[in-house]
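Hi,

Here is the structure I said I would pass on. Have a look at it first, and then read on for what turned up.

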Amino acid sequence: MAPATVSSHHTRTMRIEIDKESGFCFGVVTAIRKAEEELAHGKPLYCLGDIVHNSKEVERLKEMGLQTIGHEEFRHLHNAKVLLRAHGEPPKTYAIAQQNQIEIIDATCPVVLQLQKRIKQEYNLKDNPKKQIVIYGKNGHAEVLGLVGQTEGKAIVVENLEEVKRLDFTSDIRLYSQTTKSLSEFREIVAYIQEHISQKATFKYYDTICRQVANRMPNIRAFAATHDLVFFVSGKKSSNGKMLFDECKKINPNSYLIDTPEEIDLSILKGAGSVGICGATSTPKWLMEEVSAYIKGHVTAS
């Protein structure tokens with residue numbers, strides 16, 4: 001999208017640019033498309049957890065008829081249609097669906113599905129009772145719960161290097177990663193385990209980070225560096241959003257995390273020659289466009 005230029009008699013020309021690389025990843029695009037297709041039939045559709053970690057998009061789909069439910073409600077649901085979002089679910093969810101005659105519309109991201117399968121195969125290889133299946137990810141995150149579920153709850157989740165230090169380095173380690181984690185941190189963890197693993201134990205690691213997400217890191221750095229001011233649009237629940245925003249802020253201290261256009265402190269726009277608008281893999285394009293329109297409206301009106 002070509003940067004928009006706004007001028008008024010009070011301000012010098014301001015360049016506003018929406019990052020064309022930001023916005024939904026293909027897993028989220030597919031989940032939302034599936035939801036919209038189902039909702040077009042006008043029948044009730046439930047979604048297990050927020051379809052995407054963005055309150056504005058959840059609200060938009062709610063208006064179309066999508067009802068978000070939690071696992072507790074899901075257990076008591078019968079003869080209904082439920083969409084599983086891109087993050088994926090543990091095997092238990094599918095078992096409940098079968099018992100309760102729930103029709104599943106599975107929108108699990110193919111990258112996540114592949115990872116679930118690999119972890120399940122690793123777990124079913126009963127090659128060593130002391131083998132540790134380790135997942136680098138965020139504890140309690142929907143995707144991670146789905147991954148741990150493949151191991152009957154036995155996988156060890158590590159959130160950072162400090163937690164890695166508590167592993168048993170005298171026993172075999174198989175390391176995987178949540179698909180949206182930082183590639184550089186994953187590599188640090190790999191290097192640490194390689195240095196500390198006992199010669200009697202084996203260590204294998206699988207880089208399961210989604211490249212569509214990982215490639216956003218260098219892109220967001222380049223984008224943040226070219227603007228005086230950056231508005232990073234993301235839901236507060238998005239772990240991918242948090243990671244990318246932190247990266248933005250490192251490069252450009254004038255970066256602000258916002259969920260809606262109304263959160264913008266208009267006073268910080270004064271004197272800015274260029275404003276960049278970017279977002280997470282869970283940020284809809286239309287919301288970034290709303291932010292752009294909001295800034296234009298206020299700059300022109302000032």
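Before the cavities, a word on the term: a cavity is a set of grid points where a 1.4 Å probe fits but cannot get out. Bear in mind, too, that this is a predicted model.

With that rule, how many cavities of 30 Å³ or more are there? The count is 1. The largest cavity holds about 300 Å³ of space. Its lining is made by 24 residues, and those closest to the centre are Cys25, Val28, His87, Thr180 and Thr281. Helix H1 (26–39), H5, helix H9 (211–214) and H11 each give two or more residues to this lining. Of these, H1 gives the most, with 3 residues.

Next, the open side of things. The largest pocket has a volume of about 500 Å³, and 26 residues line it. Nearest its centre lie Lys181, Ser239, Lys242, Met243 and Asp246. H8, helix H10 (216–225) and H11 each supply at least two lining residues. Which helix gives the most to this pocket? That is H11, with 8 residues.

H11 also turns up in another part of the picture. Helix H11 (residues 239–251) joins with E11 and E12 in a right-handed β-α-β unit. E11 itself deserves a closer look. In strand E11 (residues 229–233), 5 of the 5 residues are buried, so the strand is largely enclosed by the rest of the structure. As a general point, side chains in a regular strand alternate between the two faces of the sheet. In E11 both faces are covered: Leu229, Phe231 and Val233 are buried on one side, and Val230 and Phe232 are buried on the other.

E11 has these parallel pairings. With strand E13 (residues 274–279) it shares 5 bridges, and Val233 has Gly279 as its bridge partner there. With strand E12 (residues 255–258) E11 pairs over 4 bridges, again in the parallel sense, and Phe232 stands opposite Leu257.

Then there is an open sheet of 4 strands, paired in parallel and ordered E8-E7-E9-E10. Strand E8 (156–158) and strand E10 (203–205) stand at the edges with a single partner strand each, so one side of each has no neighbour in the sheet. On average, neighbouring strands here are turned by 25 degrees against each other, direction ignored.

Inside that order, strand E7 (residues 132–136) and strand E9 (residues 173–177) are joined by 5 bridges in the parallel sense. Gln132 stands opposite Ile173 in E9. Helix H5 (residues 110–124) lies across E7 and E9 and runs at about 165 degrees to E9. Helix H8 (residues 183–196) packs on the sheet as well, touching E7, E9 and E10, and its direction makes about 175 degrees with that of E9.

Finally, some overall figures. The protein chain has 12 helices and 13 strands. Its C-alpha atoms fill a box of roughly 75 × 55 × 25 Å along the principal axes. Of its 302 residues, 53% are buried. Among contacts with a separation of 6 or more, 70% are between residues 24 or more positions apart.

Happy browsing!

Note on methods. Residues are numbered from 1 along each chain as its sequence is written. This is a predicted model: local features need pLDDT of at least 70, side-chain atom pairs count only at pLDDT 80 or more; totals for chains, interfaces and linings use all residues. Side-chain values use heavy atoms; hydrogens and water are left out. Buried means under 20% relative accessible area, exposed over 50%, partly exposed in between (1.4 Å probe, protein chains only). Two strands pair if DSSP finds at least two bridges between them. A crossover is right-handed if, with the strands pointing away from the viewer, the path from the first strand over the helix to the second runs clockwise. Axes are lines fitted to C-alpha atoms, for helices over the stretch in contact, and angles run from 0 to 180 degrees between N-to-C directions. Contact means heavy atoms within 4.5 Å. On a 1 Å grid over the protein atoms alone, a cavity is a set of points where a 1.4 Å probe fits but cannot get out, and a pocket is an open set with protein on both sides within 12 Å along at least five of seven lines; lining residues have an atom within 4 Å of a point. Grid points are joined across faces, edges and corners, and a volume is the space filled by probe spheres set on the points.
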